[in-house]
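Please examine the sequence and the structure shown below before reading further. The paragraphs that follow lead through the strands, the helices and some individual residues.

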Amino acid sequence: MKQKRPYPQVVVTRKAARALAAGHPWVFEGEVLRMEPSPADGRDAQNGDVVDVVEENGTWQGVGLLSEQSKIRVRVVSRNANDRINEAFWSRKLQWAWGYRKATMGSRALPGCEPDTNCCRVLFSEADGFPGLVVDRYEDVLVSQVGTVGMQRLRPTLYPLLLDVLRADGQDIRGIYERNDAPSRLKEGLVQEKGWWVEGDRPVPESARVVACENGIAYDLDLENSQKTGFFLDQKYNRRAVRELARGRHVLDCFCHVGPFGLNAAAGGAAFVREVDVSQTAIDLARENAHLNGLDATMDFTCANVLEYLPALVSDKRRLREEGGPFDLIVLDPPAFTKSRGTVDHATHGYREINEWAMRLLPRGGYLATCSCSHFMTRDLLARAIAEAAHNANVQLRQIEERQQAPDHPILWGVPETHYLDFFVFQVV
């Protein structure tokens, strides 16, 4: 007799079953027909529980985590009916995730630099089968963000297992800092909080400040108060692409944040780098990072709104010269202009505008590195906005390369939400 599965059941529509069969791991609230107790022991599902997803005809579709307050009602973690969602299951998945980082990033370090796994994303939510959990590594500290009630409940299981996997591989990890302060947690009924996770009797680190090395450049990071988990690791290899073009050039780095593109350009031999960001805090940190790396002699900093700054340089040649121009390499790394489908048209206008002004600033033969970090602004929408900008600026673009997020932020086919960063490098001809 076939053994009854131990999990409560979520019965879903045929539409949901088709989406799951195509590889997407989400079941939405409106796709749930009813909830049923566990066939094994009659237990009803509680918020955050492991549940089986079953089509109305009885076909098993997967096993996932229930979120009763979210529009995404179930997030599937396995489509293997032989899996039991226990410590051994999660340990295997953690080993696979770390093995993937070592395989895809372990040999990419620049000569004389740390292995590229010393600063990387260790877990990327659905792309690694941990829906709602992100873990970044900065040297000997992990920073986690938990966005779903299922992962919130699993923290006491997952964190020790993750530390075991890393330490068994010889990685020195002294603690996990939780940045559970994202407003999206409220949609799951979770409170916003941050602080060190307490690992048994092990004392927590005294400070959340870390000096992390990426591409041979040191960054003084405040993991407690900075954006996201402390840094934007997804652009690591795109920054190298800019570095390779920078030698002898005058570089304008727009939306610079704490300066990583400009610092890579300076490290690559740029004659001059102008960093621009609307945040004075970001500018101050970029200046500190330049000093930390001994690159401040070729760098200068401006606190300004890029949407106003670029057209001002186009119209005022004197100011352009005062800012270190003319520039022959411009980097555009804006924040996400859209976080919903409803604002895509407005975002498209924004991307088209900043790219047009950059193209008007560049001489023939100059270089443009430009990107979008919103999955709603798809690759094709971004490419169309750039093409329209080139038409408006009366220039032609020669594409050097098209890039995406670094492989520690893997793109899972069938889950378009995991593909969010598109990066183009052009020459203006």
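Is Ser 125 buried or exposed? The structure is a predicted model, and in this model Ser 125 has a relative accessible area of 13%. Buried means under 20% relative accessible area, so Ser 125 is buried. The residue is located in the loop that runs between E7 and E8. Its backbone also deserves attention: Ser 125 is not a glycine, yet its phi is positive, at about 50°.

The two strands on either side of that loop belong to an open sheet. This sheet has 5 strands in the order E7-E8-E9-E10-E11, and its pairing is mixed. At its edges are strand E7 (119-124) and strand E11 (193-196), each of which pairs on one side only. On average, and with direction ignored, neighbouring strands of the sheet are turned by 20° against each other. Within the sheet, strand E8 (residues 133-138) and strand E9 (residues 141-146) are antiparallel partners, with 6 bridges between them. One bridge can be followed residue by residue: Tyr 138 has Val 141, in E9, as its bridge partner.

Helices accompany this sheet. Helix H2 (residues 87-105) lies across E7 and E8, and its direction is at about 145° to E7. Helix H3 (residues 149-168) packs on the sheet as well, where it touches E7, E8, E9, strand E10 (175-180) and E11. The direction of H3 makes about 155° with that of E9.

A further open sheet can now be considered. It contains 6 strands in the order E2-E6-E5-E4-E1-E3, again with mixed pairing. Strand E2 (26-28) and strand E3 (32-36) are the edge strands, and each pairs on one side only. Here the average turn between neighbouring strands is 35°, direction ignored. Strand E5 (residues 60-66) and strand E6 (residues 72-78) run antiparallel and are joined by 4 bridges. In this pair, Leu 65 has Arg 75 of E6 as its bridge partner.

The next topic is the packing of one helix against another. Two packed helices are described by the angle between their axes and the distance between the axes. For helix H4 (residues 236-245) and helix H5 (residues 260-267), the axes come within 8 Å and cross at roughly 40°. The two helices are therefore oblique to each other. Their crossing is right-handed. Which residues meet in this contact? From H4 come Asn 238, Arg 239, Val 242 and Arg 243, and these meet Pro 260, Phe 261, Asn 264, Ala 265 and Ala 267 of H5. By character, the residues of the contact comprise 5 nonpolar, 2 polar and 2 charged.

The loop that leads from strand E14 (250-254) to H5 contains His 257. This residue is not a glycine, but its phi is positive, at about 55°. Is His 257 buried or exposed? Its relative accessibility is 13%, and His 257 therefore counts as buried.

One peptide bond completes the account. Gly 325 and Pro 326 are joined by a cis peptide bond, for which omega is about 0°. Pro 326 is placed in the loop between helix H8 (317-322) and strand E17 (329-332).

Definitions and conventions. Residues numbered from 1 in each chain as written. Predicted model: local features only at pLDDT ≥ 70, side-chain atom pairs only at ≥ 80, totals over all residues. Heavy atoms only, no water. Axes fitted to C-alpha atoms, helices over the stretch in contact; angles between N-to-C directions. Parallel < 35°, antiparallel > 145°, perpendicular 65-115°, else oblique. Left-handed = near helix turned anticlockwise from the far one by under 90°. Contact = heavy atoms within 4.5 Å. Nonpolar A, V, L, I, M, F, W, Y, C, P; charged D, E, K, R; others polar. Pairing = 2+ DSSP bridges. Buried < 20%, exposed > 50% of the residue type's maximum accessible area, 1.4 Å probe, protein only.
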